[in-house]
Amino acid sequence: MAAPLCGLVSALETCRGRDRLMRTLCYGCQLVGGAVAAARQGPAEPPLAQSLLAASAQLSQCRTVLRLFDGPAMLSHTRHYGLGPTEEDAVVRWLSVLGNVADQLYYPCEHVAWAADAGVLRARSRRWWALSTALWGLSLLLGILRSLRILSRLRRRMRARTGESPQERLKRMKAQMKSEVLSILSSMADLSNAIHWLPPGFLWAGRFPPWLVGLMGTISSLVGVYQTYVGENAGTV
């Protein structure tokens with residue numbers, strides 16, 4: 001009992017750990033609340049569904065406010081990566097660079113949208129929310145393509161060196177492949193939600209019911225929690 005509690009406390013002491021927990025709770029509440037509302041036949045939402053969806057909205061707003069302080073960390077990461085001079089594959093390098101650019105532009109757009117909604121700035125928040133969502137979706141798509149490229153290179157490397165590579169090296173390569181597959185799954189779930197939040201008329205924008213948004217977000221969140229847990233305990237992800 002002490003070990004899980006210590007792990008939870010350690011996670012909550014970090015910004016990323018708190019965000020992962022809030023994200024999981026946010027989408028979990030939306031999933032359950034949306035499912036309860038969908039199961040109830042009638043014009044009025046059940047009180048339980050209203051409470052869960054309200055909690056989800058508040059957690060989402062809290063995460064948005066906390067992301068106001070993520071800009072410097074993202075800028076530091078982008079500057080440190082630069083043009084990826086240490087990256088072996090040019091395709092992976094440029095996909096990473098473009099992904100960093102999309103992420104770097106995402107934060108100020110979301111900050112302006114939040115400030116407009118909060119009355120801090122006089123601006124039309126809808127346009128800024130649409131732009132920030134589009135940048136998030138672009139970043140996710142670039143991340144998926146990057147992971148697919150890495151998987152392709154790892155498969156070729158494993159086929160070319162079968163019987164030659166030490167077992168420990170093969171084990172690390174398999175662990176990396178597993179990590180990339182999970183990243184693709186997580187990003188695809190998030191990308192489906194990102195498209196849903198774009199202005200109506202683009203693919204399935206605006207067509208997801210609350211429970212489906214919650215399901216996609218919960219899948220992505222749980223994958224992220226698992227990857228963090230595996231990384232901390234095995235050092236392979």
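α5 and α6 run roughly antiparallel to each other, and that's a handy place to start with this predicted model. From there we can look at how α6 meets α7, what sits in the nonpolar cores, and which aromatic rings pair up.

**How the helices pack**

- Two packed helices are described by the angle between their axes and the distance between the axes.
- For α5 (residues 90-118) and α6, that angle is about 160°, and the axes are 8 Å apart.
- Anything over 145 degrees counts as roughly antiparallel, so α5 and α6 get that label.
- What is the handedness of the crossing of α5 and α6? The crossing is left-handed.
- Now swap in the next partner: the axes of α6 and α7 come within 9 Å and cross at roughly 155°.
- That makes α6 and α7 roughly antiparallel to each other as well.
- When α6 passes α7, the crossing is left-handed.

**The largest nonpolar core**

- There are 14 residues in the largest nonpolar core, and the ones touching the most other members are Leu154, Met158, Met177 and Leu191.
- Which elements give two or more residues to this core? They are α6 (125-160) and α7 (167-196).
- α7 chips in the most, with seven residues.
- Take a closer look at Met158: setting aside neighbours within four places in sequence, Met158 is in contact with Leu170, Met173, Lys174 and Met177.

**Another core**

- Apart from the largest core lies another one, made of six residues.
- Among its members are Tyr27, Phe208, Val213 and Met216.
- Keep Phe208 in mind, as this member of the six-residue core turns up again in a ring pair below.

**Aromatic pairs**

- How many aromatic pairs are there? The count comes to three, and here are two to find in the structure.
- Tyr106 and Tyr107 form an edge-to-face pair, with 5.3 Å centre to centre and 70° between the planes.
- Are these two tyrosines buried or exposed? Buried means under 20% relative accessible area, so Tyr106 is buried at 13%, and Tyr107 is buried at 16%.
- Trp204 and Phe208 form a stacked pair instead, at 6.2 Å centre to centre with 5° between the planes.
- Phe208 is buried, with a relative accessible area of 18%, whereas Trp204 comes in at 30% and counts as partly exposed.

Notes. Residues are numbered from 1 along each chain as its sequence is written. This is a predicted model: local features need pLDDT of at least 70, side-chain atom pairs count only at pLDDT 80 or more; totals for chains, interfaces and linings use all residues. Side-chain values use heavy atoms; hydrogens and water are left out. A nonpolar core is a set of buried Ala, Val, Leu, Ile, Met, Phe, Trp, Tyr and Cys residues joined through side-chain atoms within 4.5 Å. Buried means under 20% relative accessible area, exposed over 50%, partly exposed in between (1.4 Å probe, protein chains only). Helices (H or I, at least four residues) and strands (E, at least two) are DSSP runs, numbered from the N terminus. Contact means heavy atoms within 4.5 Å. Rings of Phe, Tyr and Trp (its six-membered ring) pair if their centres lie within 6.5 Å; planes under 30 degrees apart count as stacked, over 60 as edge-to-face and the rest as tilted. Axes are lines fitted to C-alpha atoms, for helices over the stretch in contact, and angles run from 0 to 180 degrees between N-to-C directions. Angles under 35 degrees count as roughly parallel, over 145 as roughly antiparallel, 65 to 115 as roughly perpendicular and the rest as oblique. A crossing is left-handed if the near helix is turned anticlockwise from the far one by less than a right angle, and right-handed if clockwise.
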